[in-house]
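Colleague: I should like to understand the words used to describe this model. May I ask what justifies each of them?

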Amino acid sequence: MAVVLEERKDQVLRLENGAKDIVCEKESLAGSVSQRACVFCGSRVVLYPIADALHLIHGPIGCAAYTWDIRGALSSGPELHRISFSTDLTETDVIYGGEKKLYQALSELIDEYKPKAAFVYSTCIIGIIGDDVQSVCKKAAKEKNIPVLPVHSEGFKGIKKDGYKAACDALYRLMDENKDEEYLEDNPFTINIMGDFNLAGETWMIKEYYQKMGIKVITALTGDSRVDEIKKCRHAKLNIVQCSGSMMSLAKKMKEVYGIPYIKVSYFGIEDVSDALYQVALFFNDKTVLEKTQELVRSEIERIYPKILEYRKALEGKKAAVYVGGAFKAFSLIKALKTIGMKTEIVGSQTGNQEDYKLLREVSGEGTIIVDDTNPLELSGFIREKKVQILIGGVKERPIAYKMGIGFCDHNHERKTALAGFQGMLNFAYEVYSTVESPVWKWTQPDYL
Amino acid sequence: MEKKTFVSTRNACKLCAPFGSTLVFKGIEGALPFIHGSQGCATYIRRYMISHFREPVDIASSSLGESATIFGGRKNLSAGLKNVMKQYNPKMIGIATNCLSETIGENIEQYIKEFQSNDKAYSKIPLVGVSAPSYKGTHQTGFHEAVRSVVKTLVKRKGERKKLLSILPGFVSCEDLRHLKEILEDFGLDYTLLPDYSETLDGVFWNEYRKIPEGGTPIRRIKEMGMSKAVIELGKSLLKSESAGSWLSKEFDIPYYNLPLPIGIQESDRFFKTLEKVKGFPMPEKYKKERGRLLDAYIDGHKYLFGKKAVIYGDEDFVASMASFVSEIGVIPVLCASGEDRLKETLKTLIDPKIMDQIEVLPSSDFMEIAEKAEVLKPDVFIGSSKGYFMARKMKVPLMRAGFPIHDRMGGQRMLHLGYKGTQMLFDRLVNIFIEVKQETSPVGYSYI
């Protein structure tokens with residue numbers, strides 16, 4: 001059985017009679033070997049897909065080096081986001097301050113790459129050495145006549161979620177510029193997709209659905225997005241929030257300031273994606289839109305369901321563990337796994353909040369283990385205890401599964417296979433099927449199977 | 001084309017110091033790496049290593065948050081170390097600082113002393129601290145600093161002179177480490193190889209998750225390094241003040257051999273001659289044959305190689321030895337580039353001045369600068385890590401993957417570079433690249449050459 005450190009015991013919940021609420025949203029325990037990254041990571045992943053912006057990381061080289069091209073966020077046009085720019089601070093900069101270097105870097109890069117906007121990410125030491133990033137950004141913005149937005153993402157100032165918030169703040173400042181600009185659009189049904197990052201082209205798939213439904217997407221925040229689109233997105237009639245952990249603060253702000261209502265959805269799994277599209281259609285309550293939505297959902301399900309049933313035959317009754325960044329995704333994954341006949345024995349997230357975990361409890365069966373901010377030793381212990389056959393997670397979880405001799409499905413931001421939407425569900429089923437049914441396990445089964 | 005110099009770094013050709021330090025700690029038996037700083041660094045470094053080695057990489061962190069940053073990280077460090085001891089039961093903990101802990105002025109040496117004297121139960125486990133601020137040097141700096149700290153902390157006794165050979169290989173692949181061990185064993189040498197992550201980062205299938213992988217340099221053997229009869233340290237880029245080998249040599253009066261990485265005939269000869277000198281008899285027949293076969297292959301393939309232009313990039317010692325090798329077979333290393341700053345000096349230690357004249361050297365460079373220079377030089381091949389893929393793809397020039405990291409292929413950890421055998425493998429791969437290009441572009445599509 002997994003050994004859980006005393007201080008972490010309340011972050012592990014076994015669904016039994018009288019189980020208490022889980023403790024979450026805490027700083028990671030020192031020495032626990034958390035799978036979490038940091039505030040900077042949260043900001044970086046949210047803003048990264050904006051393809052025509054300059055993303056400049058202000059700090060020593062590490063943060064830029066480790067995040068160069070790691071996110072599979074595709075662009076249909078410019079690819080400036082894929083260059084990892086850094087002020088690469090050295091010892092002298094740390095002693096004398098990095099403002100001058102930041103200013104020079106911004107000036108030269110804006111001149112060279114002519115971005116539509118620039119984001120400047122503060123890393124851990126920036127606050128400590130006392131750089132006035134705000135002033136430098138202001139100066140550069142004025143001189144170069146583009147928005148230059150500081151992102152307050154010092155790694156130690158909270159957890160990944162705080163980085164999402166910092167990114168949302170920057171996005172809000174961007175859309176709140178040029179407030180008086182007119183927006184002309186014939187289609188009365190306008191939305192923004194929030195919290196989809198176009199990993200493996202997923203935003204494109206979702207956009208196509210809305211297009212078929214007769215709905216105009218102003219922008220996706222931030223998958224395959226452009227600065228000019230984001231500036232217009234305050235004119236949307238509705239915000240559709242996926243990955244609520246990352247985008248909720250912005251959705252709330254947009255409701256408060258621009259009066260745009262929002263709905264929370266997920267595009268993972270047949271149930272959730274259908275529900276998402278229907279919710280949008282019902283919001284606009286237009287007969288044609290509703291009919292088109294019904295037609296879309298029906299034809300897509302008809303297309304994929306027979307194939308899914310084939311995979312289900314092989315997967316029925318198998319056990320899974322899910323450990324992902326956001327809890328809302330975990331929620332959808334449990335349902336998607338159910339669709340292919342599998343039971344989720346362990347489920348957890350890096351950044352879930354109390355509300356998320358309550359929902360997780362509702363969809364999880366008796367005996368399920370729910371974990372917040374877990375680590376390799378706990379996770380491997382629970383996998384063993386529950387005799388799990390496949391783990392769904394990210395790069396850092398993969399070797400845990402493989403060393404134990406069980407299947408793995410990558411549901412993280414590096415993935416190259418689209419897992420959202422109807423086609424994504426089919427891809428997901430195949431991903432799970434192809435790892436569970438592989439002949440390689442013949443010699444490498446864990447002793448509990 | 002006029003060369004533009006940028007203040008900023010665009011796609012770094014280096015990583016930061018804690019990366020190198022934690023890698024060294026991974027190569028010590030029973031050791032667990034620990035980063036004293038914010039949580040994200042440990043996670044980013046883990047995923048960067050996992051993507052290359054495809055092995056679990058558990059790195060602990062003191063997870064400094066906002067209050068620890070203001071009031072000091074002593075408590076977090078001590079709690080973190082205790083949690084690691086409880087969870088992992090390590091034989092040693094290697095603690096690297098990072099930019100955050102260094103900037104707020106944490107004194108790691110003093111904290112370790114306090115920790116060990118406060119509680120006797122914890123004083124038995126060796127703790128090695130290394131200062132690894134990310135704003136100073138590169139991952140190579142962190143690597144060598146860590147080797148030096150390990151040696152300075154653990155090597156105490158000065159005893160009877162043994163037959164022991166200490167060998168400090170630098171940052172090479174797992175397969176390279178295994179080959180070095182094979183060579184030393186074939187020579188009948190009693191040796192200590194530090195670090196040795198050949199098993200810990202390229203291990204067997206486990207079945208059950210292990211807290212700390214088997215393998216690594218035994219701590220007992222490190223302690224005896226002061227009694228060595230010789231110390232060999234690979235890598236000419238090392239400054240004496242940074243080198244563990246020169247410290248050992250000075251402190252214990254041991255003959256010291258600082259050699260380039262043995263790639264190519266010239267440098268492999270130099271390496272084997274040194275072993276002959278240390279051991280006192282000629283190299284085993286097996287290696288004479290390997291050398292002979294390599295020469296034979298050089299002749300067989302020379303016509304496909306003559307006058308071809310290569311761009312070589314990566315760590316200085318890797319680039320220097322690779323440049324030396326390709327010049328032996330008629331390939332001109334038209335551009336040698338590194339994110340480190342002593343490339344020119346390093347190259348000069350092993351490259352013939354006549355060849356030096358044909359090389360453009362880009363020290364302290366980044367991938368965008370390398371790509372821009374390559375556009376002008378029009379090479380026939382790129383040699384280096386997978387991080388050069390984007391420029392190779394853009395220019396439609398083949399990339400021979402070598403060194404670290406190999407994030408887009410399997411088996412980077414099993415790639416052999418060193419010795420006659422490693423050179424043979426590199427040679428075959430390189431010559432076949434040119435043969436393939438010729439074949440692919442032939443209008444006839446012949447099937448023999």
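Modeller: Let us begin with two strands of chain A. Strand 10 (residues 319-324) and strand 11 (residues 343-349) of chain A pair in the parallel sense over six bridges. The model is predicted, so local features need pLDDT of at least 70 and side-chain atom pairs count only at pLDDT 80 or more, while totals for chains, interfaces and linings use all residues. Residues are numbered from 1 along each chain as its sequence is written, chains are lettered from A, and ligands are numbered from 1 in the order in which they are written.

Colleague: Why are strand 10 and strand 11 of chain A said to pair?

Modeller: Two strands pair if DSSP finds at least two bridges between them. Strands 10 and 11 of chain A share six bridges, so the condition is met. One of the partnerships links A:Val324 to A:Ser349 in strand 11 of chain A. The strands themselves are DSSP runs (E, at least two residues), as helices are runs of H or I of at least four residues, and both are numbered from the N terminus.

Colleague: To which sheet do they belong, and what makes a strand an edge strand?

Modeller: The sheet is open, has six strands in the order 1-12-11-10-13-14 (chain A), and its pairing is mixed. Strand 1 (12-14) and strand 14 (407-410) of chain A are the edge strands, since each pairs on one side only. From one strand to the next, the twist averages 15°. Helix 17 (residues 421-436) of chain A packs on this sheet and touches strand 13 (390-393) and strand 14 of chain A; the direction of helix 17 makes about 155° with that of strand 14. Such angles run from 0 to 180 degrees between N-to-C directions, and axes are lines fitted to C-alpha atoms, for helices over the stretch in contact.

Colleague: Let us turn to chain B. Why is helix 13 of chain B called roughly parallel to helix 19 of chain B?

Modeller: The axes of helix 13 (residues 285-305) and helix 19 (residues 419-440) of chain B come within 10 Å and cross at roughly 15°. That angle makes the two helices roughly parallel, because angles under 35 degrees count as roughly parallel, over 145 as roughly antiparallel, 65 to 115 as roughly perpendicular and the rest as oblique. The crossing is left-handed: the near helix is turned anticlockwise from the far one by less than a right angle, whereas clockwise would be right-handed.

Colleague: Which residues meet there?

Modeller: Among them are B:Leu294 and B:Ala297 in helix 13 of chain B, and B:Phe427 and B:Val431 in helix 19 of chain B. Residues are in contact if their C-beta atoms, placed from the backbone, lie within 7 Å. By class, this contact has 10 nonpolar, three polar and four charged residues. Ala, Val, Leu, Ile, Met, Phe, Trp, Tyr, Cys and Pro count as nonpolar, Asp, Glu, Lys and Arg as charged, and the others, Gly among them, as polar.

Colleague: What makes helix 1 of chain B oblique to helix 8 of chain B?

Modeller: Helix 1 (residues 17-26) and helix 8 (residues 139-154) of chain B pack at an angle of about 40°, with their axes 6 Å apart. This angle falls in none of the other classes, so helix 1 of chain B is oblique to helix 8 of chain B. Helix 1 of chain B passes helix 8 of chain B in a right-handed crossing. Helix 1 of chain B contributes residues including B:Phe19 and B:Leu23, and helix 8 of chain B contributes residues including B:Phe143 and B:Val147. Their contact divides into 10 nonpolar, six polar and one charged.

Colleague: How many residues does each chain give to the contact between the chains?

Modeller: Chain B gives 55 residues and chain A gives 60. Helix 2 (39-53) of chain B is one of the elements that each supply at least two residues of chain B's side. Helix 2 of chain B gives the most to that side, with 10 residues. The side of chain B comprises 23 nonpolar, 19 polar and 13 charged residues.

Colleague: How do you know that strand 3 of chain A pairs with strand 1 of chain B?

Modeller: Two bridges join strand 3 (residues 85-86) of chain A to strand 1 of chain B, so the required number is reached. The two strands run antiparallel, and A:Ser86 stands opposite B:Thr9.

Methods:
Contact = placed C-beta atoms within 7 Å.
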